[in-house]
Amino acid sequence: MKERHLGRSGLLVSRLGLGTMTWGQDTDPDEAVAQLVAFAEAGGTLVDTADVYSDGDSERILGHLLREVVDRDTLVIATKAAIRPNGRYDGSRRHLLRALDASLDRMDLDHVDLWQLHVYDPATPLEETLSALDEAVASGRARYVGVSNYAGWQISKAAAWQRAWPGRAPIVSAQLEYSLLSRDIEREVVPAALDAGAGLLPFSPLGRGVLTGKYRTGIPAGSRAAAPRFADFVQPYLDEECARIVESVVTAAEGLGVSPLSVALAWVRDRPGVAAPIVGARTAAQLEAILDSEDLTLPNEIRAALDDVSDMSPAHP
């Protein structure tokens, strides 16, 4: 798998990242082993988790695998903090540094390679939140820092603050939802991230699974949309406009002799500023299908057609 620099930093990451949000919940430890082994054997390096995923079990499983299955030094380990177990946002220095220590304890690590602010907390002064990033890097508990789910102005403000004084830890990444079905971040977030030198780490690059084409004729049993706790997550992408985009992806895939999944993933992977889409899978078989997209580069004509059909900006009079 090819590598890219994360933003303007020196950190190299595989151009696909492995997401672990389902580990400990929909993905059992045995499947997690198979996923991580397949990912590492394919040359993948970036593994992304968070302290709140499966109430910490995602980090616990990952930590076990780093001790028993895959050499930790071959991977770039990323985690996040700023959400309490009760769902409340907390960007206070107290909470963040305690959360980082707890993450390191669950994974049995002395540091993570990338530590990210999971959300923006408007109730805490931004300079206080960012001071926790500086402490994490200065103490050696994190090598690099980034943000997640930040608006464009929030990225710009955080990046400018960190650049304003020597010794502060620069923001090197921004993780947000981005796919052919979700291009809103191109208006403000992408320009802000590019200006700040932060590499984009898109999550849900397959449009919450819709871009695979599996919902074209209904909601299959066993799919996420069929599960009550995920139904509202998938539903926004099951309207007529999204269906039109999915059909275009399917048509492109048929012409190229590849899967719709590969077309959708290659599109977002090679967008300006993208370092690595974060892909998640419930099973190793699903991950293998995702890894098969690595060799696909979309022809310019198909990329332009997909750009056009998925452009949701208002038409000019």
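Exposed here means over 50% relative accessible area, and buried means under 20%. With that in hand, here are some close-ups of this predicted model.

**View 1. Gly257, out in the open between two helices.** Start with the loop that runs between helix H8 (240–256) and helix H9 (260–269), which is where Gly257 sits. Gly257 comes out at 67% relative accessibility, so this glycine counts as exposed. For a sense of distance, take Gly218, which is 39 residues away from Gly257 along the chain: the two C-alpha atoms are 24 Å apart.

**View 2. A negative patch on the surface.** Four acidic residues make up this one: Glu41, Glu288, Asp292 and Asp295. Zoom in on Asp295 and you're in the loop between helix H10 (284–291) and helix H11 (300–309). Asp295 has a relative accessibility of 72%, so it counts as exposed.

**View 3. Ser54, a non-glycine with positive phi.** Here's a backbone oddity to look at: phi of Ser54 is about 50°, even though the residue is not a glycine. Ser54 belongs to the loop between strand E4 (46–48) and helix H2 (57–68). With a relative accessible area of 12%, Ser54 is buried.

**View 4. Ala82, another positive phi without a glycine.** This time phi is about 130°. Look for Ala82 in the loop that leads from strand E5 (76–81) to helix H3 (93–107). Ala82 counts as buried because its relative accessibility is 1%.

**View 5. Tyr120 meets Tyr150 edge-to-face.** The structure has three aromatic pairs. In the one formed by Tyr120 and Tyr150, the ring centres are 5.3 Å apart and the planes make an angle of 85°. The partners come from distant parts of the chain, 30 residues apart: Tyr120 is in the loop between strand E6 (112–117) and helix H4 (126–138), while Tyr150 is in the loop between strand E7 (142–148) and helix H5 (152–163). Both tyrosines, Tyr120 and Tyr150, are buried. Widen the frame a little to bring in Trp153, which ring pairs link with Tyr120 and Tyr150 into a cluster.

**View 6. Tyr178 and Trp267, also an edge-to-face pair.** The centre-to-centre distance for Tyr178 and Trp267 is 5.9 Å, with 70° between the planes. Tyr178 is in the loop between strand E8 (171–177) and helix H6 (189–196) and Trp267 is in helix H9, so this pair ties together parts 89 residues apart in sequence. Tyr178 and Trp267 are both buried.

Key. Residues are numbered from 1 along each chain as its sequence is written. This is a predicted model: local features need pLDDT of at least 70, side-chain atom pairs count only at pLDDT 80 or more; totals for chains, interfaces and linings use all residues. Side-chain values use heavy atoms; hydrogens and water are left out. Patches are made of residues with over 30% relative accessible area and no salt bridge: like charges are joined within 9 Å, nonpolar side chains (Val, Leu, Ile, Met, Phe, Trp, Tyr) within 5 Å. Accessible areas come from the Shrake-Rupley method with a 1.4 Å probe; for residues, only the protein chains shown count as cover. A salt bridge is a side-chain nitrogen of Lys or Arg within 4 Å of a carboxyl oxygen of Asp or Glu. Lys and Arg count as positive and Asp and Glu as negative; His and the chain ends are not counted. The place of a charge is taken as NZ of Lys, CZ of Arg, CG of Asp or CD of Glu. Helices (H or I, at least four residues) and strands (E, at least two) are DSSP runs, numbered from the N terminus. Buried means under 20% relative accessible area, exposed over 50%, partly exposed in between (1.4 Å probe, protein chains only). Rings of Phe, Tyr and Trp (its six-membered ring) pair if their centres lie within 6.5 Å; planes under 30 degrees apart count as stacked, over 60 as edge-to-face and the rest as tilted.
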